[in-house]
Amino acid sequence: MMPIIPVSDANCQVNSWKNLLKNALTCPRELLASVGLTPAQLDFEIADSQSFKMRVPQPFIDKMQFGDPRDPLLLQVLSQAEEDITVAGYQADPLAETNSQQAGLLHKYHGRVLLILASACAVNCRYCFRRHFPYQEQQANGTQLAAAIEYIKATPSISEVILSGGDPLVLGDNAIGQLVKQLDNIPHLRRLRFHTRLPVVIPQRVTRALCKILKSSRLNASIVLHINHANEIDPLLHDACQQLLAANVRLYNQSVLLKNINDNSETLINLSEKLFDSGITPYYLHLLDKVQGAAHFDINADRAIDLVEQMRNHLPGYLVPRLARETPQQPAKTVIA
Ligand SMILES: *Cc1c(COP(=O)(O)O)cnc(C)c1O
Ligand code: SF4
């Protein structure tokens, strides 16, 4: 008789999201080599950023075009020398978030409160406005999280909690499950939202346990994904989205308009189409926040307006994202006509 072969934990763990997160590539040369490139093939100099380390998980690398030095996914994550050049008008904390808050909590939008749960992201996007953000100080520890929950309980005007970071899905399912349970018990809350890029860079993060937590919550759940290019949507991510939809989670997307990555109308139209194919509604298209080190990604507002106009001419209204920018101390994003 054949022995019953136990399902090997070791095998299952290789592709667990936690392993993929831990084993993210942090060396620019290694990343280049893994997509069949050498530094000499690039239009720019690569560099190790000391203040904002390169960090790219394998499932995201798998979506890059092998041997393409202008791959739009590669350009979002590969650290380059230009990041260290100081450009006038670009600041360390463009949204002035650092000193305005109680740790772990950001109540700048009416009716919505942001909980800063995690100190890190699975990927370090080079254009990120939080690239100089002192996460270690801003992230909620246990006591602060308890205080934040007390604040939400005591503030009936809050109807939505937005889990943010860093990336809130860096937290494990148990921690998220416990938090959701506490939020479920606050009667004036109606909605729970995640802003995350984790399922995009590690689709395996969408576990059955996570879907179960969201499905059984009393709150109306939504996830805003951050996808900038259609190539980020592969079958793995598509399937993860279907799991979330089956758990009654609404899916939205916000993108950042980025030079040489998605700053032309065909790319943006294709992105909207592919998002919708996977059950994701395009929501915001952001102008870059003027953060130090990201000036080389910037697209000016006139060009952005023109691009969105072209999208409107080719797509139904529900596939045209709102063009927006963040303004420090404003209670909402500024939507640009
Ligand atoms: C814009 C934004 C919000 C608030 O979004 P609304 O959809 O306007 O409520 C929350 N978190 C992040 C990260 C955002 O970019
Ligand atoms: S996932 Fe979002 S917060 Fe994290 S580095 Fe990328 S843009 Fe910044």
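In which loop is the place of Gly 166? In this predicted model, Gly 166 falls in the loop between β3 and α8 (173-184). The peptide bond that leads from Gly 165 to Gly 166 is cis, and its omega is near 20°. Gly 166 also belongs to the group of residues closest to the centre of the largest pocket, together with Cys 128, Phe 129, Arg 130 and His 226.

The largest pocket encloses about 990 Å³ of space, and 49 residues line it. Several strands and one helix each supply at least two residues of this lining: β1 (105-109), β2, β3 (160-164), β4, α9 (198-201), β6 and β7. By residue class, the lining of the largest pocket divides into 24 nonpolar, twelve polar and 13 charged residues. The space taken by ligand 1 is this largest pocket, and ligand 2 sits in the largest pocket as well.

The surroundings of ligand 1 consist of Tyr 109, Arg 112, Leu 114, Ile 162, Arg 193, His 195, Gln 254, Tyr 283, Tyr 284, Glu 326 and Lys 333. Of these shell residues, five are nonpolar, two are polar and four are charged. Three side chains of the shell approach oxygen atoms of the ligand through polar atoms. For Tyr 284, a side-chain N or O atom lies 2.7 Å from an oxygen atom of ligand 1. For Lys 333, the distance between a side-chain N or O atom and an oxygen atom of ligand 1 is likewise 2.7 Å. For Gln 254, a polar side-chain atom is found 3.1 Å from an oxygen atom of ligand 1. On its own, ligand 1 has 380 Å² of accessible area, of which the protein covers 91%. The elements contributing two or more residues to the shell around ligand 1 are β2 (112-116), β4 (191-196) and β7 (281-286).

Ligand 2 has a shell made up of Cys 121, Val 123, Asn 124, Cys 125, Tyr 127, Cys 128 and Arg 197. This shell comprises five nonpolar residues, one polar residue and one charged residue. Cys 128, a member of the shell around ligand 2, is also one of the residues closest to the centre of the largest pocket.

Apart from the pocket, the count of cavities of 30 Å³ or more comes to one. The volume of the largest cavity is about 80 Å³. Its lining is formed by Asn 253, Ser 255, Leu 268, Leu 271, Ser 272, Leu 275, Pro 282, Tyr 283, Tyr 284, Leu 285, Met 311 and Pro 321. Nine of these lining residues are nonpolar and three are polar, with no charged residue. At least two residues of the cavity lining come from each of β6 (250-256), α12 (265-277) and β7. Tyr 283 and Tyr 284 line the largest cavity and also occur in the shell around ligand 1. The strands β6 and β7, which supply residues to the cavity lining, each supply at least two residues to the lining of the largest pocket too.

A further backbone feature concerns Asn 248, which is placed in the loop between α11 (235-246) and β6. The phi angle of Asn 248 is near 65°, a positive value in a residue other than glycine.

Key: Residues are numbered from 1 along each chain as its sequence is written. Chains are lettered from A and ligands numbered from 1 in the order in which they are written. This is a predicted model: local features need pLDDT of at least 70, side-chain atom pairs count only at pLDDT 80 or more; totals for chains, interfaces and linings use all residues. Side-chain values use heavy atoms; hydrogens and water are left out. A residue is near a molecule or strand if one of its heavy atoms lies within 4 Å of it. A polar contact is a pair of N or O atoms within 3.5 Å; within protein, one must be able to donate a hydrogen and the other to accept it, and residues adjacent in sequence count only if both atoms are side-chain atoms. Accessible areas come from the Shrake-Rupley method with a 1.4 Å probe; for residues, only the protein chains shown count as cover. On a 1 Å grid over the protein atoms alone, a cavity is a set of points where a 1.4 Å probe fits but cannot get out, and a pocket is an open set with protein on both sides within 12 Å along at least five of seven lines; lining residues have an atom within 4 Å of a point. A molecule sits in a cavity or pocket if more than half of its atoms lie within 2 Å of its grid points. Helices (H or I, at least four residues) and strands (E, at least two) are DSSP runs, numbered from the N terminus. Ala, Val, Leu, Ile, Met, Phe, Trp, Tyr, Cys and Pro count as nonpolar, Asp, Glu, Lys and Arg as charged, and the others, Gly among them, as polar. Grid points are joined across faces, edges and corners, and a volume is the space filled by probe spheres set on the points.
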